[in-house]
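Q: Please take a close look at one part of this structure, the largest pocket, and then set beside it a few individual residues and their surroundings.

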Amino acid sequence: MMESMYIMIYRQLKRFIRAKSRVVGMILNNILWLVFFGLGWAYTLRGPIASALFRGLDYLAFLLPGIFTTSIFQASFMGGISVIWDKQFGFLKEVLVAPTPRSLTILGRAIGDALVSVVNGLIMLSLGFMLTSHLNPLALPIILVIGLMVALGFTSMGIAIASTMRSPEGFQLIVGLLTLPTTLLSGAMFPLSNAPYWMQLAALVLPLTYAVDLIRFHLVGISFLSSVYWWLTPEIELLLLVIISVILIFIAIEMFKRTTIE
Amino acid sequence: MDIVVENLVKRYGNVEAVKGISFSVKHGETFGFLGPNGAGKTTTIYILTTILKPTSGRAIVAGYDVVREPHNVRRHIGVVFQDPSLDDNLTGYENLYIHGKLYGLNNTLLKERIAEVLKFVELYEFKDKCVKSYSGGMRRRLEIARAMLHVPRILFLDEPTLGLDPQTRIHIWDYIKRLKDEHGVTIFLTTHYMEEAEILCNRVAIIDRGKIIALGSPDELKSIIGNDIIYVRVDNNIDVCSKLSIDGIQSCKTIDGETIAIQVRKASEAIPEILRYLEKAEIKVKEVSYRRPSLNDVFIHLTGREIRDSGGGFIDIVRMRHRVR
C-alpha cells in the first residue's frame, strides 16, 4: 500500500532531475538573487545604524535564512502546477484508475515536490555559507526538517488550489497574486519591527512569516519576531507551522479526492 | 459475465450523454461500442472504469459494482484511454515501473512482466528512451503494454487506433487480436471505425446519441440490411426516392442532400435499370457506385446518418469534394 506513495515520490524526483533546464534555471535564479540583491544591499547597509538594525549581523546573514525560506515557499507553492499538467497531459487518469488510495498518491506527490523545493533552498544556502561566516552549520539538520515541513504545507496549498482548476494560466495568476505579498511581508528582506503597525499585523497572518523567523533563529541565533511580540517564541512558531502544514495537507488530500476528469 | 450494465444513465446538467443502456459482456469476448463522436462511448468507458459516477443505473465489472466497490473493479481492469496518459518526461521503462508499483507488483515479478510486455509490443529496445521521443503509434503500443502489465481480467480500449496511420492501425489490431487469442483477456473497446469493429469484435453494440440502437455479431448486424447498396449522386435536391419505382428495390434513402442510397438484391443488375429510369425522368446523374453492406451501412440504415470519419467510403469522397469547393 505504502508502495504507491513511495513510487509517486520517485516519480516527482525523477521528473525534476529529467528537467535539466528547470534545474539550471533554479540555480541561476538563486545566484542572481544572492549576488545582485544580497551583496548589493550588504555593501549598502553598513555602519553602526545598520548594525543596530540587524542586531550585529551583516545584511547577508540576515537575508540568507529569509531567502532560503522564501525560495522553498515559492518553489513548493508553484509545484502544485504539476497537478494541472497531469490533468492536461492525461497522466492523472492513470493515477485515478489505479487500485490505490488517492490520499497516498497525492501525499507521495506532495512529499516528492516538497523534497525538490528543499533541494532548491539548499543550493541557495550552500552559496550563502561561502558568502558569510555568521551561519551556524550545526543548525542544518533542524532547518532541513523545518524547511521540509514548510515545503509540505505550501505544496499542499498549491495542490489544493490546482485540484480545482483546469488551466495552468489561472493557477499561475493565483500563485502570482499570493506569492509576491507573502514574500515581501515575510520579514525575509527587512526586519518587520520598524514597519507600520498594520503591515506587521498583515505579516502575522501569513504562516511564511513564522517560518522565516524560525529558520533565522536556528541559522543565526536571533528571533526578530519574539523581541517585538514576546509570545512568539521559536517553540510557538514551530507549533503554529506544524498545525498549519498538517491542516493544509488534509485540505489538499480532500480537494484531490474530489478532482474529476472533465 | 465480466461486464453487466443495466439501464445506465449519465447526465451532465441538462444534457443526457448516456440514456439508459443495457448490455453484458462474456468472459473472453471482445465487445465493441461502435458509434459516431459524441455518442456516449467515452462516457460509458469512464463509468465502467470507475472514474465517473453514473447518474442512475447499475454497472458490474469483474463481479463488482463500479460505484460501491471501485477499488475491487480497478484491480481487475486495464485501461487505454482515448487521450494519451503517459508521463512524457519519463522513459518507457519508468512509465511501466511506476504503473506496476501503483498496482502493487513486487520487484522481481515486475521486472519480468515489464520485459514481457515490452517485447510483446516490440518496444523493448526503446525502453530507456524518453516517451517524448516516441511516435504516436509507439505511445499507443506502450499504453497497451502498460494496461496489460498487471494481467487484468478485462481490458478497456477507448478508440485504440484514433489518429494513427493505416499501417500502424493494422499493427495495433494485430496486438489486440493476439491479446484475445493468446491471453484470453476480455476486451471492451470503443471505435468509430467500422472496419475495426468488424475485424476485432465478437459482438458489436451500435450506439448513437446515448442509446444502443443495435446489438449483435458483425454478421448478424449486417444481415439487418443483407443486400447490396447503390449510391447515386444526382444534380440537386430532387426527391428521387419518391419517384423511383422499379422492381427489386428494397429501400431508398436520401443522405447528405444529393446522394441517395438504394438497397437492391443484386447491384450489377439494378444499376442499368436505375440509370435508365433516372434518364427518362431527366434527373442528371453525377456519380454512381455500389458496395456490399458494411457496419457503416447498418448505421446509415438505422439512423439515416453516417459515422463520421469512417474512412475511404463513397460518402467521404463526396464530403471531401464538398469541402474542396
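A: Helices here are DSSP runs of H or I with at least four residues, numbered from the N terminus. The model under discussion is predicted.

The largest pocket encloses about 390 Å³ of space. Its lining is made up of 23 residues. Nearest the centre of this pocket lie Asn29(A), Ser71(A), Gln74(A), Ala75(A) and Asn120(A). Four elements of chain A each give two or more residues to the lining: helix H2 (20–44), helix H4 (59–79), helix H7 (102–131) and helix H9 (168–185). Of the contributors, H4(A) gives the most, with seven residues. Sorted by class, the lining has 12 polar residues, nine nonpolar residues and two charged residues.

Another helix of chain A, H13, spans residues 234–258 and holds Ser245(A). The relative accessible area of Ser245(A) is 6%, and this residue is therefore buried, the limit being under 20%. From this position, the side chain of Ser245(A) reaches the backbone oxygen of Met149(A) at 3.0 Å. Met149(A) also appears among the residues that Ser245(A) touches once those up to four places away in sequence are set aside; the others are Val150(A) and Gly153(A).

In chain B, a residue of a strand may be described in the same terms. Gln263(B) belongs to strand E13, which covers residues 259–264 of chain B. With 9% relative accessibility, Gln263(B) falls under the 20% limit and so counts as buried. The side chain of Gln263(B) makes a polar contact with the side chain of His301(B), at 3.4 Å. Beyond its neighbours within four places in sequence, Gln263(B) is in contact with His301(B) and also with Ile225(B), Asp228(B), Ile229(B), Gly248(B), Ile249(B), Gln250(B) and Ser251(B).

Two cysteines of chain B complete the account. Cys201(B) has a relative accessibility of 7% and is therefore buried, since the class requires a value under 20%. Cys130(B), at 22% relative accessibility, counts as partly exposed because this value lies between the limits of 20% and 50%. As for sulfur pairing, a search of the whole structure finds zero disulfides over all chains.

Methods. Residues are numbered from 1 along each chain as its sequence is written. Chains are lettered from A and ligands numbered from 1 in the order in which they are written. This is a predicted model: local features need pLDDT of at least 70, side-chain atom pairs count only at pLDDT 80 or more; totals for chains, interfaces and linings use all residues. Side-chain values use heavy atoms; hydrogens and water are left out. On a 1 Å grid over the protein atoms alone, a cavity is a set of points where a 1.4 Å probe fits but cannot get out, and a pocket is an open set with protein on both sides within 12 Å along at least five of seven lines; lining residues have an atom within 4 Å of a point. Grid points are joined across faces, edges and corners, and a volume is the space filled by probe spheres set on the points. Ala, Val, Leu, Ile, Met, Phe, Trp, Tyr, Cys and Pro count as nonpolar, Asp, Glu, Lys and Arg as charged, and the others, Gly among them, as polar. A disulfide is a pair of cysteine sulfur atoms within 2.5 Å. Buried means under 20% relative accessible area, exposed over 50%, partly exposed in between (1.4 Å probe, protein chains only). A polar contact is a pair of N or O atoms within 3.5 Å; within protein, one must be able to donate a hydrogen and the other to accept it, and residues adjacent in sequence count only if both atoms are side-chain atoms. Contact means heavy atoms within 4.5 Å.
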